[in-house]
Amino acid sequence: MADYKVKLKRREEIASGTMAFHFDKPEGFSFKAGQFGDFTMADPPETDAEGNTRTFSFASAPCEGGLMVATRMRDTAFKRVLKSIDLGAELALDAAYGSFTLHEDAGTPAVFLTGGIGVTPVRSIVLQAAHDKLPHSITLVYSNRRPEDSAFLGELADAQSANPNFKLVATMTEMENSKTAWNGETGFIDKAMLMRSIPDLSLPIYYVSGPRGMVAAMRKTLAEAGVKDDNVRTEEFSGY
């Protein structure tokens, strides 16, 4: 893969404790929805043992004009600098990598199971599928603690309205700590929730993205539901 230079264009808080960072898209750069890249700061004002490079999935879709990544804002040197450096600052980008991409056979449904910031590659895939008018049946089951913590929830709801082949099932696990009204699913993703949302659990290809514990739990849930391991694809997010 090639190395590129990208400039930070803007940043915004998109959920409680979660920020999106927007970069220009270098000339000649391309990627598939769901892929990721390594972002490196050259000579940052501070550093720590975790180093000056972070791996981020592209939350932006290839059809969009720029590049966007999103992350939980832990207190690390890299994220403190990314939050505070001047707009226009340049980072090195080594990309694109990864095979967490939508399968080609439109006759096989796709089901995405994700939580928290694991939604970033899914946003890219869902928006690109709508842009390309793909016939794939796509269901996203998206778990968060509260609506306040749910990155891109509004955009994904809009995507459901725009694409008749896309279904969003959002669930909240800690509504007792929320100040926002919620009429959707509550509780952790389990077999019963999947059965309410998916007509036949044996048919789809499943894509699981999120922290390691969630990925392991979803693999267990799917196995107990009789889903073949060959029909499960995963992407673990660590470090946030």
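The exercises below, each with a worked solution, concern a predicted model.

**Exercise 1. The parallel sheet**

Determine the strand order of the six-stranded open sheet, identify which strands lie at its edges, and describe how β7 and β8 are paired.

Solution. Begin with the order, which reads β10-β9-β8-β7-β11-β12, with parallel pairing. The next step is to look for strands that pair on one side only, and these edge strands are β10 (185-186) and β12. Turning to the pair β7 and β8, one finds the parallel sense over six bridges, and Phe112 stands opposite Leu140 in β8. Finally, a helix can be placed on the sheet: α3 packs there, touching β8 and β9, and its direction makes about 145 degrees with that of β9.

**Exercise 2. Helix α5 and its two faces**

Establish how the length of α5 compares with the expected span, which of its residues are buried, and which elements they pack against.

Solution. Helix α5 covers residues 212-224, and its 13 residues reach 19 Å from the first C-alpha to the last, close to the 18 Å expected at 1.5 Å a residue. Its buried residues, those with under 20% relative accessible area, are Met214, Val215, Met218, Thr221 and Leu222. They lie on the same side of α5 because the arc they cover around the axis is only 125 degrees. The face turned away from this buried side carries the exposed residues Arg212, Gly213, Lys220, Ala223 and Glu224. As for packing, the buried residues of α5 meet β7 (110-115), α4 (191-197), β11 (205-211) and β12 (232-237). Relative to the strands, α5 lies across β7, β11 and β12, and runs at about 150 degrees to β11. Just after the helix, Gly226 takes a positive phi of about 90 degrees.

**Exercise 3. The nonpolar cores**

Find the residues that touch the most other members of the largest nonpolar core, and say which element supplies its largest share.

Solution. In the core of 34 residues, the members touching the most others are Phe112, Val119, Leu140, Tyr142, Phe152, Leu156 and Phe166. When the members are assigned to elements, β5 (67-72), β7, α2 (120-131), β8 (138-144), α3 (153-162), β9 (166-172) and β11 are each found to supply at least two residues, and α2 provides the largest share, namely five. A separate, second core has 22 residues, including Met19, Phe31, Ile85 and Leu93. In soluble globular proteins, nonpolar side chains tend to be buried together. Val119 can serve as a closer view of the largest core: with neighbours within four places in sequence left aside, its contacts are Thr114, Leu140, Tyr142, Ala151, Phe152 and Leu156.

**Exercise 4. Backbone exceptions**

Locate Lys133 and Phe152, which have positive phi values, decide whether each is buried or exposed, and locate the cis peptide bond.

Solution. As background, most residues other than glycine have a negative phi, and most peptide bonds are trans. Lys133, whose phi is near 55 degrees, is placed in the loop between α2 and β8; its relative accessible area of 71% makes it exposed. Phe152 has a positive phi of about 65 degrees and is found in the loop between β8 and α3, but at 7% relative accessibility it counts as buried. The cis peptide bond joins Ala95 and Ala96, with omega about 5 degrees, and Ala96 is found in strand β6 (residues 90-97).

**Exercise 5. Two residue environments**

Describe the location, accessibility and contacts of Lys83 and of Ser57, leaving aside residues up to four places away in sequence.

Solution. Lys83 is placed in helix α1 (residues 77-84), and with a relative accessible area of 48% Lys83 is partly exposed. Its contacts are Arg11, Met19, Phe21 and Met73; the C-alpha atoms of Lys83 and Phe21 are separated by 8.7 Å, although these residues are 62 residues apart along the chain. Ser57, by contrast, is placed in strand β4 (residues 53-57) and is buried, with a relative accessible area of 8%. Its contacts are Gln35, Phe36, Met68, Val69, Thr120, Pro121, Glu235 and Phe237.

How values were computed:
Residues are numbered from 1 along each chain as its sequence is written. This is a predicted model: local features need pLDDT of at least 70, side-chain atom pairs count only at pLDDT 80 or more; totals for chains, interfaces and linings use all residues. Side-chain values use heavy atoms; hydrogens and water are left out. Helices (H or I, at least four residues) and strands (E, at least two) are DSSP runs, numbered from the N terminus. The expected span of a helix is 1.5 Å times one less than its number of residues. Buried means under 20% relative accessible area, exposed over 50%, partly exposed in between (1.4 Å probe, protein chains only). The arc is that of the directions from the helix axis to the C-beta atoms. Contact means heavy atoms within 4.5 Å. A nonpolar core is a set of buried Ala, Val, Leu, Ile, Met, Phe, Trp, Tyr and Cys residues joined through side-chain atoms within 4.5 Å. Two strands pair if DSSP finds at least two bridges between them. Axes are lines fitted to C-alpha atoms, for helices over the stretch in contact, and angles run from 0 to 180 degrees between N-to-C directions.
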